[in-house]
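Trainee: I'd like to go through the labels on this one and hear the reasoning behind each. Can we start with a surface residue?

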Amino acid sequence: MTSSGGEITVTDGPFTEAKEAVVGFALVEVRSKEEAIELARRFRKIAGDGVSEIRQVFGP
């Protein structure tokens with residue numbers, strides 16, 4: 001997900017290599033991909049321009 005000038009663009013992979021831009025991360029539990037995208041949209045509106053990735057994590 002990329003935000004620029006208030007415009008948010010959602011894309012599916014390929015993913016950025018770790019050497020290019022790992023700055024921080026947040027681990028959240030959601031019920032659906034759509035909920036994860038909505039949380040990321042809200043975050044980008046607060047944080048401003050930049051790039052966010054959404055990745056699914058499988059637990060035990």
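Trainee: Why is Val 57 called exposed?

Mentor: Its relative accessible area is 59%, and exposed means over 50%, so Val 57 gets that label. Bear in mind that this is a predicted model. Val 57 sits in the segment after β3 (50-51).

Trainee: What makes Phe 25, Leu 27 and Val 57 a nonpolar patch?

Mentor: Patch members need over 30% relative accessible area and no salt bridge, and nonpolar side chains are joined within 5 Å. Val 57, at 59%, is over that area cut-off. Together Phe 25, Leu 27 and Val 57 offer about 430 Å² of accessible area.

Trainee: Now the charged pairs. How do you know that Glu 35 and Arg 31 form a salt bridge?

Mentor: Their closest N and O atoms are 3.9 Å apart, and the rule asks for within 4 Å, so the pair counts. Glu 53 and Arg 55 also meet in a salt bridge, at 2.8 Å from N to O. By this rule the count is 2 salt bridges.

Trainee: Why are Glu 35 and Arg 31 given separate labels for exposure?

Mentor: Arg 31 has a relative accessible area of 78%, which is over 50%, so Arg 31 is exposed. Glu 35 comes to 26%; that falls between 20% and 50%, so Glu 35 is partly exposed. Glu 53, at 37%, is partly exposed by this reasoning too.

Trainee: What makes Ile 37 buried?

Mentor: Its relative accessibility is 18%, and buried means under 20%, so Ile 37 qualifies. Ile 37 lies in helix α2 and touches Met 1, Val 10 and Ile 54, leaving out residues up to four places away in sequence. The C-alpha atoms of Ile 37 and Glu 53 are 9.6 Å apart, with their positions 16 residues apart along the chain.

Trainee: And Val 10, which is one of those partners: why is Val 10 only called partly exposed?

Mentor: Val 10 has 38% relative accessible area. That value lies between the 20% and 50% cut-offs, so partly exposed is the right term. Val 10 is in the loop between β2 (7-9) and α1 (18-21). Beyond four places in sequence, Val 10 touches Met 1, Ile 37 and Arg 41. Val 10 and Glu 53 are 43 residues apart along the chain, yet their C-alpha atoms are separated by 9.3 Å.

Trainee: Arg 44 puzzles me. How do you know that it has no salt bridge?

Mentor: The nearest side chain of opposite charge is Asp 49, 6.8 Å away. A salt bridge needs within 4 Å, so Asp 49 does not provide one. Arg 44 is buried all the same, in helix α2 (residues 33-47).

Trainee: What polar partners does the side chain of Arg 44 have?

Mentor: A polar atom of that side chain lies 2.7 Å from the backbone oxygen of Gly 48. There is also a polar contact of 2.9 Å between the side chains of Arg 44 and Ser 52. The cut-off for a polar contact is 3.5 Å, so the Ser 52 pair fits. Among the residues in contact with Arg 44 outside its sequence neighbourhood are Met 1, Ser 3 and Ile 8.

Trainee: Which pattern does the whole chain follow?

Mentor: Along the sequence it runs β-β-α-α-β, which comes to 2 helices and 3 strands. Buried residues make up 13% of the 60 residues.

Definitions and conventions
Residues numbered from 1 in each chain as written. Predicted model: local features only at pLDDT ≥ 70, side-chain atom pairs only at ≥ 80, totals over all residues. Heavy atoms only, no water. Buried < 20%, exposed > 50% of the residue type's maximum accessible area, 1.4 Å probe, protein only. Helix = DSSP H or I, 4+ residues; strand = E, 2+ residues; numbered from the N terminus. Patch = residues over 30% accessible without salt bridge, like charges linked within 9 Å, V, L, I, M, F, W, Y side chains within 5 Å. Areas by Shrake-Rupley, 256 points an atom, 1.4 Å probe, with all protein chains shown as cover. Lys, Arg positive; Asp, Glu negative; His and termini not counted. Polar contact = N/O pair within 3.5 Å; in protein donor to acceptor, adjacent residues only side chain to side chain. Contact = heavy atoms within 4.5 Å.
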